[in-house]
Amino acid sequence: METVVSESVTGNGSGSSAQSDTGHVQIVDQAHIARVLVGLDDRRHALTVAIGNQATDYPAHLEAVSLENEELLLTITDAGSLSPATLDQHGIILKAENDQQLSFERIEVHRSERAGEALKLWGALPGRLTTAARRGHTRIALRRDMSVEAALTLFEGQPPLASTLRDISGGGCLVQLPLAECVPLIEGTLVPHVTLTFPNGERFSIGASVRHVTPVVDTHDAAVGLAFEPLDLGHQQQLMDIVSTTQREIAWRSGEGSRLASPSALYTAPDTRKRPRREKRRRSTPVVALLKKITRDLHLFLLALQSGQPLPIERLERSANRLIKLHGEDRQAFFYGLTCLTHEPGWLQHSLGVAGKLADLMLAEPSFAAHTHRAVRAALMHDMGKALLIDENLPSLESEMSEPQRQRLQAHVTVLMSALSKANYPFEALERDIIGAINERLDGSGYPRGVEEQALSPIARMAAVIDVIDAMTRARGDRPPLSAVQAYRYLYNRPARFDQHWVTRYVQRHGFYPLGSLVEFSNGYLAWVLGVDERGQPNRVRVIRNLRWDDAFYDDEVGRLDFEQLGRLTGAALPHLHDL
């Protein structure tokens with residue numbers, strides 16, 4: 001496609017294109033535009049659609065181009081918040097994130113059709129194409145069998161974000177990484193160091209800026225477009241060599257090279273044997289798969305909140321409904337599943353834990369059950385403000401923090417409420433109550449307002465108890481997690497701060513060995529709690545290790561009748577002490 005656009009710039013003077021002083025080229029020859037459209041390739045371009053004056057650019061796929069009917073078919077993904085009626089009022093613009101930044105302008109929509117979260121659009125071929133007339137930046141898409149690691153270092157002293165290189169050009173690259181890692185990557189963000197590590201160990205490191213963050217359809221990943229900072233002569237030569245070598249490697253692997261072609265040293269990895277890895281993860285279940293769908297929706301909600309895009313309210317609604325449904329279908333499998341989301345960021349694991357336990361307690365209280373959905377929505381959002389605070393002054397929520405950083409983190413409630421209000425989130429009174437008061441304490445020692453007991457509703461008091469227990473039983477940068485009993489003891493010893501009625505009710509619901517916690521037996525066995533009886537005692541566990549033998553790893557589900565093989569239950573165990 002690069003060649004097609006360049007031909008229009010150097011064309012025969014027919015008037016089909018014009019170059020402005022800013023270095024942009026406008027093409028109005030519709031046949032020419034159609035040829036460029038046909039050449040678009042999702043592997044080489046991040047395709048998005050802009051609608052009217054909205055700040056949002058929606059991820060898209062170009063499904064078909066009909067020259068005969070002068071029509072194209074687009075699918076807008078993750079478009080649940082987009083109303084088809086909006087399309088009738090505005091033309092749309094198709095953008096192709098190639099180093100040229102192609103913009104196909106004012107496409108008239110003929111009809112639309114919803115397909116789940118996606119929206120299919122049939123529209124007229126665009127009448128104008130605008131592009132920057134730059135040469136030499138053809139984007140080379142890597143094959144799936146060409147593995148190149150990309151490390152993005154944003155903040156000094158923090159580990160880089162691990163990603164995978166998807167394409168590269170003389171002006172930038174596209175990397176793919178989990179949505180969970182994209183919190184600090186908004187458009188325009190400077191990435192001081194992008195380091196590409198090729199199979200043979202060669203590295204290319206350069207500064208870059210974020211051009212876009214686009215969710216990858218039906219995955220938990222995002223594609224992040226990066227524009228390289230100006231290169232010196234040494235980096236220019238290295239990058240040219242990498243791009244040309246990558247092109248030759250693709251041709252060789254595709255069988256399209258000459259008879260003299262051979263694999264390149266750049267993509268030839270040393271012959272090393274990998275040791276078999278011991279499996280330490282908790283086994284995934286169907287419930288976990290559904291919980292991961294909730295995490296994806298919450299990541300996309302946060303991404304929209306960060307970038308000023310219209311909030312996908314329906315994703316939040318769906319997440320709350322799905323969570324409550326999973327809890328109702330199998331409470332024990334649900335709580336075990338929550339403990340399996342270990343690769344999600346801490347703020348999100350905590351939000352899901354609080355939402356699940358709040359639903360559990362409210363549904364058990366007849367006077368509160370009818371308000372469960374709204375409360376769960378608030379709990380799912382209540383810690384997002386922490387992610388919004390990440391910057392060079394607070395580069396990580398997981399590492400140990402200084403006192404100024406801790407003080408700054410307390411602003412997360414105000415930051416979240418302000419961001420939601422700016423995005424026109426339709427607040428309900430109960431949501432404001434939970435988000436605004438979940439960090440308050442009966443004695444006025446909480447934040448953000450420092451209000452006392454009489455100003456706190458029963459649901460706010462309940463949520464505060466759940467929030468603290470869940471937080472204390474998770475690891476933090478400055479301390480390991482506490483056991484459930486240790487957390488209970490902390491709250492019971494502070495009746496002036498925490499509502500003792502809700503502390504007692506929580507313990508009654510979850511017991512001393514909560515679902516998903518780790519327990520130890522007298523014969524040395526460690527096991528995850530899968531089920532408990534009416535007294536809160538484990539009656540079903542998944543045995544994973546025996547501490548008496550270093551290499552004794554298991555994955556066996558054991559019921560109460562077979563507990564005698566494990567020995568006597570001696571108490572709770574802390575996973576981090578056993579590298580779990």
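The exercises below work through a predicted model of one protein chain.

Residues count from 1 along each chain as its sequence is written. In this predicted model, local features need pLDDT of at least 70, side-chain atom pairs count only at pLDDT 80 or more, and totals for chains, interfaces and linings use all residues, while side-chain values use heavy atoms, without hydrogens and water.

**Exercise 1. Find where pLDDT stays under 50.**

Step 1. Start with the chain average: pLDDT (the predictor's confidence in each residue, from 0 to 100) is 87. Of the residues, 88% score at least 70.

Step 2. Locate the weak stretches. Residues 1-15 stay under 50, and so do residues 276-280.

Step 3. Check their contacts (heavy atoms within 4.5 Å) beyond four places in sequence. The model has 30 for residues 1-15 and 5 for residues 276-280.

Step 4. Read with care: where pLDDT is low, the predicted coordinates should not be read in detail.

**Exercise 2. State the strand order of the open sheet with 5 strands, and place helix α7 on the sheet.**

Step 1. Helices (H or I, at least four residues) and strands (E, at least two) are DSSP runs, numbered from the N terminus. Strands pair if DSSP finds at least two bridges between them.

Step 2. The order is β21-β20-β19-β18-β22, with antiparallel pairing.

Step 3. β21 (553-559) and β22 (569-573) each have a single partner strand, so they stand at the edges and one side of each lacks a neighbour in the sheet.

Step 4. From one strand to the next, the twist averages 30 degrees. Axes are lines fitted to C-alpha atoms, for helices over the stretch in contact; angles run from 0 to 180 degrees between N-to-C directions.

Step 5. Strand β20 (residues 538-546) is joined to β21 by 5 bridges. Arg-545 has Phe-553 in β21 as its bridge partner.

Step 6. Helix α7 (residues 331-338) packs on the sheet and touches β19 (525-532) and β20. The directions of α7 and β19 make about 140 degrees.

**Exercise 3. Describe the largest nonpolar core.**

Step 1. A nonpolar core is a set of buried (under 20% relative accessible area, 1.4 Å probe, protein chains only) Ala, Val, Leu, Ile, Met, Phe, Trp, Tyr and Cys residues joined through side-chain atoms within 4.5 Å.

Step 2. The largest has 132 residues. Leu-152, Leu-185, Leu-226 and Leu-420 have the most contacts inside it.

Step 3. Helix α5 (residues 286-307) gives the most to this core, with 11 residues.

Step 4. Another core lies apart from it, with 30 residues, among them Val-49 and Leu-74.

Terms used
Buried < 20%, exposed > 50% of the residue type's maximum accessible area, 1.4 Å probe, protein only.
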